[in-house]
Amino acid sequence: MNYIIVKDYDDLSRKAANIIASQVILKPGCVLGLATGSSPVGTYTKLSEMCASGDVDFSKVTSVNLDEYEGLDGTNDQSYRYFMDKNLFDKINIDKKNTYVPNGCAADLKKEGEEYDALIKSLGGIDIQLLGIGLDGHIGFNEPDEFFTKETHAVELDPSTIEANSRFFASIDDVPKRAITMGMMSIMQAKKILLIANGKNKKEILDKALTGPITPMVPASILQLHPDLTVIYSEN
Ligand code: GLP
């Protein structure tokens with residue numbers, strides 16, 4: 001594991017963007033695994049700037065996102081599809097047809113999950129997967145459980161996740177209670193993983209995930225088994 005401690009969020013965002021940009025420069029047709037939440041916003045801003053200045057070309061890139069709320073479509077400004085469009089895809093020269101986010105409005109989420117996994121497989125897997133970490137140790141929306149789930153699947157969100165994410169909604173009652181998330185198989189089969197975390201409140205769970213027992217009760221702890229994991233942490 002490569003553990004990089006940086007001085008602040010701007011530094012974290014620049015380093016994460018540089019790592020993703022180098023992946024795209026080295027392999028223009030790569031598959032980027034992308035994440036939502038507040039942590040990657042700065043990284044996406046930097047990547048947009050690098051694209052505008054001509055330093056990175058996303059025209060051949062394909063992206064697959066980790067997760068989506070159940071019942072929110074891309075026109076809903078709380079959906080992760082909307083988040084990705086606004087924070088990244090609308091600002092770079094990626095072909096929107098090649099940007100994938102699980103469909104939280106699919107009639108059959110089990111089938112949607114199977115199709116999403118088949119899609120990732122058909123793309124040859126993920127070259128680099130960007131991850132944030134939830135306060136309960138979740139990655140994507142893989143919540144603490146008695147087992148790790150391999151496939152893309154529907155999940156009940158943990159009350160603590162609903163509360164943490166309510167800051168983005170008008171009220172806690174508006175936060176969807178369920179979501180669809182990539183499972184551990186596609187995440188762990190990514191060739192590289194880049195986990196970013198900022199803020200003092202993330203330190204305890206990050207330490208637990210990276211140095212504690214590998215357990216589905218701390219979903220991110222499975223990352224200890226990944227052969228090419230980079231973690232960037234900033235306290236501020
Ligand atoms: C959300 C997302 C995760 C994200 C996490 C942390 O629930 N599903 O992919 O990593 O919460 O979010 P933040 O970066 O806002 O702390």
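Ligand site, pocket and cavity in a predicted model

Me: What makes the approach of His138 to the ligand a polar contact?
Reply: The model is predicted. In it, a polar side-chain atom of His138 lies 3.2 Å from an oxygen atom of the ligand. A polar contact is a pair of N or O atoms within 3.5 Å, so the His138 pair at 3.2 Å counts as one.

Me: How do you know that Gly140 and Lys202 also make polar contacts with the ligand?
Reply: For Gly140, a backbone N or O atom lies 3.2 Å from a nitrogen atom of the ligand. For Lys202, an N or O atom of the side chain is 2.6 Å from an oxygen atom of the ligand. Each pair is within 3.5 Å, so each is a polar contact. With the protein in place, 95% of the 390 Å² of accessible area that the ligand has on its own is covered.

Me: Which residues around the ligand come nearest?
Reply: There are 14 residues around the ligand, and Ser38, Ser39, Asp67, Arg167 and Lys202 come nearest. To be near, a residue needs a heavy atom within 4 Å of the molecule. By class, this shell has three nonpolar, eight polar and three charged residues.

Me: Where does the ligand sit?
Reply: The ligand sits in the largest pocket. That wording requires more than half of its atoms to lie within 2 Å of the pocket's grid points, so the ligand meets this condition. The largest pocket holds about 660 Å³ of space.

Me: What lines the largest pocket?
Reply: Its lining has 33 residues, and Gly37, Ser38, Asn165, Arg167 and Phe168 lie nearest the centre. At least two lining residues come from each of β4 (67-69), α3 (80-87) and α5 (159-165). The largest share, four residues, is supplied by α5. By class, the lining has 13 nonpolar, 15 polar and five charged residues.

Me: Why is the space lined by Ile20, Leu32 and others called a cavity?
Reply: A cavity is a set of points where a 1.4 Å probe fits but cannot get out, whereas a pocket is an open set, so the name says that the probe cannot leave this space. The structure holds one cavity of 30 Å³ or more, and the largest cavity has a volume of about 40 Å³.

Me: What makes Ser63 the polar residue in the lining of the largest cavity?
Reply: The lining consists of Ile20, Leu32, Leu34, Leu47, Phe58, Val61, Ser63, Leu88, Phe89, Ile92 and Ile94. Leu, Ile, Phe and Val count as nonpolar and Ser does not, so the lining divides into ten nonpolar, one polar and no charged residues.

Note on methods
Residues numbered from 1 in each chain as written. Predicted model: local features only at pLDDT ≥ 70, side-chain atom pairs only at ≥ 80, totals over all residues. Heavy atoms only, no water. Polar contact = N/O pair within 3.5 Å; in protein donor to acceptor, adjacent residues only side chain to side chain. Areas by Shrake-Rupley, 256 points an atom, 1.4 Å probe, with all protein chains shown as cover. 1 Å grid on protein atoms, 1.4 Å probe; cavity = no way out; pocket = protein on both sides within 12 Å on 5 of 7 lines; lining within 4 Å. Points joined across faces, edges and corners; volume = space filled by probe spheres on them.
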